[in-house]
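Visitor: I would like a close look at one part of this protein, the place where two helices pack against each other, and then some sense of the strands found elsewhere in the chain. Please take me through it slowly.

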Amino acid sequence: MSTANETSDKTDAETEGAREQKSAVDNHMKKELDDEDEGVRGAELSSLREDVEESQVYTATSLTVIPKEPRTKTHPLVLDWAYGINQTLPVFSLQDEDKLVILYICAHVAVIYDHTSNAQHLLQGHCSPITCLCASEDRRWLVTADMGRESLVIIWDAYTGIPVRTLFDCHPEGGVSALALSKDSKYLATVGAGTVQRVCIWDWTDESDSPKCQVDLSPKYGCQERHLEYSAPEITDKTFNMVLGSLSQSIFHYDSVQALTATSAGNIVLWDKQTESVSCQPIVRKAIKLVPLQKEAITVLTLIDSFIVTGDVNGHIKFYDGNLKLINLYNELSLDPIKSISFSKEKPSTSSLGYPKDCTLDAKPFVMRNVVLSTTCATVVHVNAQRNVLQTLLKEHAEPLEAVACHPKQPLVAMGSHSGTIKVWDYESKEVVCSRVFRPHKQIQCITYDPQGFYLAVGFASGALQIVDACTLQSDGKDCLQYSQDSITHLTFSQDSCYLAAADTGKGVTLLRQCKEGAQEIWKYQGRHHSHYKPIQDLLFGVDLDSNQPRLLSLGMDRRLVEYDLQNSGENELLILSSDRIEQSAVPTSMVWYPPLTPENFLLTASNLYKMKLFNATSKMCRKTLFGPSYGSPVKKMAILPASKDGDPDSRYMAYITQDKVGIQILPLDGNPHKSFAMICHSTGVSTLACSYDGRYVFTAGGQDCTVFSWELNLSSLEASAGLGGKDMLPFYDLLEGGRDGQFFREMEEYFYYCQLQNQDLNTMETRLVSTRIPLADVPFLMRALGFYPTEQELEDMQNEVKFSRYAETRNYVMDIDLEEFIKLYINHRPASGISGQELCNAFQVLGKADEEGRYTIDRDELLELLQARGEHMTEDDLAECFTTLLGISAEGSSCTESLLESVLPPKITMGTFATDVLGFSAATQEFDQEHSHDL
């Protein structure tokens, strides 16, 4: 039988004179298809049946054994373990027979935790924090949703951990705030998080991308579109002349159409049908009774079998029958306020032997399912109903977690939160080694181990500092050291563990020194210096290359790199050895010591303009500028991974974090974007990172999400990914507009060759010397010809980068450059994203004044004075030459006079005038100025 593609090819080749023949062929083919239609359908059904039989979802009959190690490691970063829990969301019991399995949320990841084998199965798919989840009654299907910009609703198969359906952007007005599955699990109800909340009912088992029905919960009650209706009966304290309280949770009664709502005053509101409704009319309910169950606020209301169950702020669980008669209670659990109650899906045995008596007069055995409880303080417990035994499953940080540090010699990671709690985990066995709650100081901001692994330093938001034993978390000497009232932001030990430095929000650096007092080692105050006028971004100890003595450096938002004179600092004083401005416009964000990959020693810094710079460790000269990772936000913190003991000692890597991502970078840095990889780690913002002592794991703290993620590194995958990006110059050609075959590259080549000709005299008749290089002095002109106008400082950095590129090896300067080196220089130094209208607006906001209409303007004379007196000074001749060129004035051999500028430039210059008339930008910039001038 001929195929449709073959027929299509023939049709394309036919001429006007063969249309009748084409029609005959088509009719014959249609007949063949009709004759074989039943056979094809049978084959398709057979193939589909085979696919279904091979499907893991179809063949799974129970929860699979969660492997201790991930099955595949195809990415450079693999999420290994999630420490923490979102205590605002419920916890579900998935299995409670031969093994105990629960489901909970950790940031943007759903965690299936097997407590019996201490293993996690991580359900990854959301890019924003999960805001709601639910599970089917048989615990087979799990549903998660978020409130991100591109919100998702994902239905998971709990048995295999495979997503079986995803609803994309089903509530574009703000994501999903609540959801629930029907009793038979066929229908899913979602509630949007927009200003006007939309309720949608989905048949998630079909292939439709639209809900079956929906309604907007507008303030005006009534019937809305597509057959979904609702009512909102009014109820206040006056309804029953009693304090009602805030409504917390509602359920339907298990054997009638009545509904119950719990309140924060310990009451239950009973709702019943107001009238007998017609089939086409919605059921309207009215509050018929207010039952005062207890004085304490009810936080959870649910059903199980023939019982109504409540949980309250005292941590008590109470069981009622259908008439709200108290049958039994758990009041000796010593728990915090209950957040969720989840009973096991396995029904209890029919035998009542071993069960405790209920609290009725008959004292019957209280046969109940096992239950998993979660509290508002991030604790999850399991209660065995038969033995009345409580078992703690999870006890995590309930407040923001911003501090994490790895032990330098053991597989231990310490985590500190705003609750004042530090927990130390063995990240290989996934067990807690020790913990401590610090009082009275709370809000732990940062922690760090000393290089020997003996001490753990803890910095608090109150400015207090505590140094404890790394094994026991206890301190032998003075409990607390406090030399500032400002929050501690950075802590670092010297390599010999003799010094400890702390930076705080007061822009000061405090230095402590270890001294021996009798037989005891104590930490003595050395000095403090207010060394920056803007917040300190990083604090770092190093080793002096000549004396082998420790050296201390701090980096601030004021763009200054400060080194302290430790050797000459006396008692109660901390002296500054040097203070260097390392950036002109960029704001540095982090610094680390570059590994010894070259004969020269470097300090690596990152900035908010997606650039990284290498500074000579001694002279602090900028030796190289590189295009850094660009994943939506600049690098926030960096850490060099330890050298691998098993792999190539020359292969080194660096971990880093941005605003919401964690990444890994191949060293040495050269600007190749394919040598870097990053993925979302904490969508609400990552606070810090730490690397394990063996370089196998990276840990990230999420701050507000109360979570720490452990990422296992797969460096071979990163190397393979970099190899796919191309070798040698190919990745750099791809960064040029149009690539190697584009117009921009051809222009670059022509300019480069023109520089070669110009240096050999354009009009010479002598034989030309063929060369592939141009003098270093021509680089500034070539950069400007390509549309990149670097500052004088940037030009000096470029020339130093090339000039000293081989000095450490040969002791000779490099005074020329070839085309490939120039392309790398251009790509690494040019702005990551061109000049934006917002940057121009910010400049006018700083330098100008707002007029009556709210637009920022700069006085013409003041602008000319600023250009000559501030920043990189322009001479009068430079200024005249620039304006002559920009304004298109014919100077006829003379410089532009002041009177001529006055005739061309208005007395008051707006951003639109400067952008359009002076710089020659598009009129869109002027529109941007008009739209946003009032916002600045």
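Guide: The part to look at is the pair formed by helix α12, residues 837-847, and helix α16, residues 911-918, whose axes come within 10 Å and cross at roughly 125°. Because angles over 145 degrees would count as roughly antiparallel and those from 65 to 115 as roughly perpendicular, that crossing makes α12 oblique to α16. The crossing of α12 and α16 is also right-handed. All of this is read from a predicted model, and the angles and contacts are computed from its atoms.

On the α12 side, the contact is made by G837, L840, C841 and F844, and these residues meet M911, F914 and A915 of α16. Sorted by character, the residues of this contact comprise 6 that are nonpolar and 1 that is polar, with no charged residue among them. The polar one is G837, since Gly is counted with the polar residues in this scheme.

For the setting of this helix pair, the protein chain as a whole has 17 helices and 57 strands. Of its 936 residues, 48% are buried, and among the contacts between residues at least 6 apart in sequence, 47% join residues at least 24 apart.

Turning to the strands, a good place to begin is β16, residues 267-273, which is mostly covered, with 5 of its 7 residues buried. Strand β15, residues 259-263, pairs with β16 in the antiparallel sense over 4 bridges, and within that pairing L260 has L270 of β16 as its bridge partner. The hairpin of β15 and β16 has 3 residues between the strands, and in this hairpin G266 takes a positive phi near 80°. Strand β16 also pairs with β17, residues 285-292, again in the antiparallel sense and over 7 bridges, and here K273 stands opposite R285 of β17.

Further along the chain there is an open sheet of 4 strands in the order β34-β35-β36-β37, with antiparallel pairing. Its edge strands are β34, residues 488-493, and β37, residues 520-529, each of which pairs on one side only. From one strand to the next, the twist of this sheet averages 25°. Inside the sheet, β35, residues 499-504, and β36, residues 509-517, pair in the antiparallel sense over 5 bridges, and A501 finds its bridge partner in L511 of β36.

Another open sheet, also built from 4 strands with antiparallel pairing, runs in the order β1-β52-β51-β50. Here the edge positions belong to β1, residues 77-84, and β50, residues 688-691, and each of these pairs on one side only. Neighbouring strands of this sheet are turned by 20° against each other on average, with direction ignored. Within it, β51, residues 697-701, pairs with β52, residues 707-713, in the antiparallel sense over 5 bridges, and the bridge partner of V698 is W711 in β52.

To return to the part you asked about, the picture is of α12 and α16 crossing at roughly 125° with their axes within 10 Å, in a right-handed arrangement, through a contact that holds 6 nonpolar residues, 1 polar residue and no charged ones.

Methods. Residues are numbered from 1 along each chain as its sequence is written. This is a predicted model: local features need pLDDT of at least 70, side-chain atom pairs count only at pLDDT 80 or more; totals for chains, interfaces and linings use all residues. Side-chain values use heavy atoms; hydrogens and water are left out. Axes are lines fitted to C-alpha atoms, for helices over the stretch in contact, and angles run from 0 to 180 degrees between N-to-C directions. Helices (H or I, at least four residues) and strands (E, at least two) are DSSP runs, numbered from the N terminus. Angles under 35 degrees count as roughly parallel, over 145 as roughly antiparallel, 65 to 115 as roughly perpendicular and the rest as oblique. A crossing is left-handed if the near helix is turned anticlockwise from the far one by less than a right angle, and right-handed if clockwise. Contact means heavy atoms within 4.5 Å. Two strands pair if DSSP finds at least two bridges between them. Buried means under 20% relative accessible area, exposed over 50%, partly exposed in between (1.4 Å probe, protein chains only).
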